Amino acid sequence: LNPLGSAAAIELIQEADLVIWCGSKVSQNTGMNWTLPKPDQATITIDFDPLEHGRTFRPTVALLGDVRETLSALDAAMGDSRAGANPEWDARIAEVKARCDADKAVEMASDQMPVLPPRIMAEIAKRLDDDDVVVSDASFSAGWISGYIPAKQARRQFLFARGQGGLGYAVPGAIGAATVVAKGARVVT
């Protein structure tokens, strides 16, 4: 049970040669309790705020710009140059992801008492429609939601306070979502 992100990503990032931080202030949570980046890892930070580059560590390369636009430009520049370049790493990713997905499925199906958050998230996910918007309060609930409720489509379906708000964000966030974002869809908080 890890409300700080995908178990596979958390495991694999420890082994990565390069970590790219996209629009992240690299806090205690995103830096895995300040253990990331590791001293031997190359790093790239992408952020439109020049004050974020080097705030918590000195990146190998700092790219100033909009994350989406910068990643699109990098993707276009690299093209297919790296496709299949490291089959051992691709296999390692697949193996860790499959193992972590299996562990996650067990957590979500557990009938343990007291009921744990992964099971609750699984039950909520079963009841969500494709257009529903989920609003989370700050704290661990955001991690549980993002880790155990799958996104069904590419859009702003999940709204989290994380670093921008405190406890109690969910109620005004849900009101805002209902009037601006969801427009007719259910808002779940």
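A contact here means heavy atoms within 4.5 Å. The structure on display is a predicted model.

Select M108 to begin. Leaving aside residues up to four places away in sequence, M108 touches P118, R119, A122 and Y148. Next, extend the selection to the largest nonpolar core, whose 10 residues are M108, M121, A122, A125, L128, V134, I145, Y148, I149 and F158. Helices α4 (117-127) and α5 (140-148) each supply at least two residues of this core, and α4 gives the most, with 3 residues. Apart from this core lies another, of 8 residues, including I10, A16, V19 and W21. As a general point, nonpolar side chains in soluble globular proteins tend to be buried together.

Turn now to strand β4, residues 133-136. V133 and V135 point one way from β4, V134 and S136 point the other way, and all are buried. Add strand β5 (residues 158-160), which pairs with β4 in the parallel sense over 3 bridges; F158 in β5 is the bridge partner of V134. Together, β4, α5 and β5 form a right-handed β-α-β unit. Then select strand β6 (residues 187-188), which runs parallel to β4 and is joined to β4 by 2 bridges. Within β6, V188 stands opposite V134.

Finish at A178, located in helix α6 (residues 170-181). Is A178 buried, exposed or partly exposed? A178 has a relative accessible area of 39%, and is therefore partly exposed. Not counting residues up to four places away in sequence, A178 touches K183 and V187. The C-alpha atoms of A178 and V188 are separated by 9.7 Å, with the two residues 10 apart along the chain.

Technical notes: Residues are numbered from 1 along each chain as its sequence is written. This is a predicted model: local features need pLDDT of at least 70, side-chain atom pairs count only at pLDDT 80 or more; totals for chains, interfaces and linings use all residues. Side-chain values use heavy atoms; hydrogens and water are left out. A nonpolar core is a set of buried Ala, Val, Leu, Ile, Met, Phe, Trp, Tyr and Cys residues joined through side-chain atoms within 4.5 Å. Buried means under 20% relative accessible area, exposed over 50%, partly exposed in between (1.4 Å probe, protein chains only). Helices (H or I, at least four residues) and strands (E, at least two) are DSSP runs, numbered from the N terminus. Two strands pair if DSSP finds at least two bridges between them. A crossover is right-handed if, with the strands pointing away from the viewer, the path from the first strand over the helix to the second runs clockwise.
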